Amino acid sequence: MSRRCELTAKGPLVGHKVSHSNIKTKRRFLPNLCNVTFISDALGRNVRLRVSTNAIKTVDHNGGLDSFLLKAKAENLSPRALDLKRAIQKKKAATAAPVAQAS
């Protein structure tokens, strides 16, 4: 399982562990990943994703999973998140079409 956020593409960073005597040893800084269940209003179901805590805050700030995915760039999203984005766009277009025809 890769240590990469499915929504923001945050991954491990490389740096140094510096001792008291200033000896530098390579180390990895891993992102704080959590298994989270988001609710998709457009799809009407729950979605489980492995995301960073920073992404959880960002999703809440943007008004939910649907609006976050619609605004997100495709290159930052994982294949699963990209499929969700396409499904949400399809559902939004399907619900907007009958309203436009009725007017």
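## Fold, extent and core of a predicted chain

The secondary structure of the protein chain comes to 3 helices and 4 strands, where helices (H or I, at least four residues) and strands (E, at least two) are DSSP runs numbered from the N terminus, and along the sequence they follow the pattern β-β-β-β-α-α-α. The radius of gyration, taken over C-alpha atoms, is 19 Å, well over the 13 Å that the globule rule gives for 103 residues, so the chain is more spread out than a compact globule; that rule is 2.2 Å times the number of residues to the power 0.38.

This is a predicted model, in which local features need pLDDT of at least 70 and side-chain atom pairs count only at pLDDT 80 or more, while totals for chains, interfaces and linings use all residues. Residues are numbered from 1 along each chain as its sequence is written, and side-chain values use heavy atoms, with hydrogens and water left out.

The largest nonpolar core (buried Ala, Val, Leu, Ile, Met, Phe, Trp, Tyr and Cys residues joined through side-chain atoms within 4.5 Å; buried means under 20% relative accessible area with a 1.4 Å probe, protein chains only) has 19 residues, and Leu7, Phe38, Leu49, Val51, Leu65, Leu69 and Leu77 touch the most other members. The elements that give two or more residues to this core are tabulated here.

| Element | Residues |
|---|---|
| strand S3 | 33-40 |
| strand S4 | 45-52 |
| helix H1 | 53-61 |
| helix H2 | 65-71 |
| helix H3 | 79-102 |

H3 gives the most to this core, with 4 residues. Leucine 69 touches (heavy atoms within 4.5 Å) Leu7, Leu77, Ala81, Leu84, Lys85 and Ile88, not counting residues up to four places away in sequence.

Notes
Buried < 20%, exposed > 50% of the residue type's maximum accessible area, 1.4 Å probe, protein only.
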